[in-house]
Amino acid sequence: MAIAKAERLMNLALCLLGTRRPLSKRELRDSIEAYVEAFGPGNGAGGNDDSFNRMFERDKDDLRELGLVIETVESLDGEIGYLARRDSNRLPPITLDAEEAAALGLAAKVWQQARLAGAASGALQKLRAAGLPEDVDPYGPHGALEPRIPVHEAAFEPLMLACRDRRPVVFDYRKATAARPEQRHVEPWALECWRGHWYLAGWDRDRGAERVFRLSRITGKVRSRGGRYTADVPDVVTVRETVASWAGEIADRSARIRLRSDAGYPLRAKATSVRELGDGWDELEIPYGHGLDAWLVEFGPDVVVLEPAELRADVVDRLRAVAKG
């Protein structure tokens, strides 16, 4: 069965790449032997049409997952046709050394969700076709490494597509200090992962300023909106700096906290000094920047903020908001 499917996909890809005009479903059904054997010709009895349509859509999606760019074209009479232009599916000669190939291989292994896993696999397939030497194993030098960037938030995929397509979005967002979510109208710029959490950087239309949103605090569905962006999109480096600043990476002060002796190892890694207090507690001095209060809340009763007072108050407010639900 696996061989039959691979042969069917190969024949469909060759048909789409070999044509100079869009081919309709009926023409593809009549041109590919596997379709004719399974469902009969396209002008026959219509009893198998639904089954053919389902298989064709699956095959088309599988080819796209492998990296084939398939265009959908509507003719003047309304008939839908498909083709894969050679110039859209051709890469210039690629020259990669072993380290570069390994970096691409590791990047392809990062993604766990099906959509990006298929895209990453397809990218490596196209690099092979464009000249990546067969004796270069992108995974070999670092075969023991299994990098992962988990994505559990339902908002990730629609936001990723909105960033790619430059489409404004609307979603409900609950701040850590708020009991109820508020609706936000955002022009999404980019998604960034920081300390295991995903953040969206973009332009908040309601507030007329750039903002960063943690995906885990987005409630309900992300809805796309029409229209153009009203704010200029900064470069990638600037967006990353914005996320780092909002998420607490950029620190300009220090804070003192009490931490249980057997807890908070990520905090200990960031600490500039650690002093044992006894009775199962340590005192740490850690860098203090925007977002530290949200991070400390995650450690619950294992952390007590000593100073500064405003950080202690922010942590208490967040804990009260969580307690209220």
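# Guided tour: aromatic pairs, a hairpin and two valines

Select Tyr35, Phe39, Phe52, Phe56 and Tyr82: these residues make up one aromatic cluster. Keep in mind throughout that the model is predicted.

Stay on Phe52 and add Arg29. The charged end of Arg29 is placed over the ring of Phe52, at 5.0 Å from the ring centre.

**Whole chain**

Zoom out and colour by secondary structure. The protein chain has 11 helices and 11 strands. Of its 325 residues, 38% are buried. Among contacts with a separation of 6 or more, 56% are between residues 24 or more positions apart. With the surface switched on, the protein chain exposes about 18800 Å², and 51% of that comes from carbon and sulfur atoms.

**The E1–E2 hairpin**

Next, select residues 71-74, which are strand E1, and residues 80-83, which are strand E2. The two strands run antiparallel and are joined by four bridges. Pick Val73 and look across to E2: the residue opposite is Gly81. E1 and E2 form a hairpin, with five residues between the strands. In the turn, select Gly78 and check its backbone, where phi is positive, about 90°.

**Phe171, Tyr173 and Phe213**

A search of the whole structure gives eight aromatic pairs. For one of them, select Phe171 and Tyr173. Their ring centres are 6.4 Å apart and their planes meet at 65°, so this pair is edge-to-face. The cut-off used for that class is an angle over 60 degrees. Phe171 and Tyr173 are both buried.

Keep Tyr173 and add Phe213. Tyr173 and Phe213 also form an edge-to-face pair, with 5.1 Å from centre to centre and 80° between the planes. Which strands hold Tyr173 and Phe213? Tyr173 is in strand E3 (residues 169-173) and Phe213 is in strand E6 (residues 209-214), so the pair ties together parts 40 residues apart in sequence.

Switch to a display of accessibility. Tyr173 has a relative accessibility of 6% and therefore counts as buried. Phe213, at 1% relative accessibility, counts as buried too.

**Strand E8 and what lies around Leu259**

Select residues 251-260, which are strand E8, and pick out Leu259 within it. Is Leu259 buried or exposed? Leu259 is buried, with a relative accessible area of 0%.

Show the residues in contact with Leu259, leaving aside neighbours within four places in sequence. They are Gly264, Leu267, Arg268, Gly280, Trp281, Asp282, Leu284, Asp302 and Val303. Now add Val304 and draw a C-alpha to C-alpha distance from Leu259: the two residues are 6.6 Å apart in space and 45 residues apart in sequence.

Trp281, one of the contacts of Leu259, is worth a separate view. Select Trp281 together with Arg258. Arg258 lies over the face of Trp281, 4.5 Å from the ring centre.

**Helix H11**

For the last stop, select residues 309-324, which are helix H11, and find Val316 there. How exposed is Val316? Its relative accessibility is 31%, so Val316 counts as partly exposed. Add Val297 and draw the C-alpha to C-alpha distance from Val316: 8.5 Å in space, for residues 19 apart in sequence.

Notes: Residues are numbered from 1 along each chain as its sequence is written. This is a predicted model: local features need pLDDT of at least 70, side-chain atom pairs count only at pLDDT 80 or more; totals for chains, interfaces and linings use all residues. Side-chain values use heavy atoms; hydrogens and water are left out. Rings of Phe, Tyr and Trp (its six-membered ring) pair if their centres lie within 6.5 Å; planes under 30 degrees apart count as stacked, over 60 as edge-to-face and the rest as tilted. Buried means under 20% relative accessible area, exposed over 50%, partly exposed in between (1.4 Å probe, protein chains only). A charge sits over a ring if NZ of Lys or CZ of Arg is within 6 Å of the ring centre and within 35 degrees of the ring normal. Contact means heavy atoms within 4.5 Å. Two strands pair if DSSP finds at least two bridges between them. Accessible areas come from the Shrake-Rupley method with a 1.4 Å probe; for residues, only the protein chains shown count as cover.
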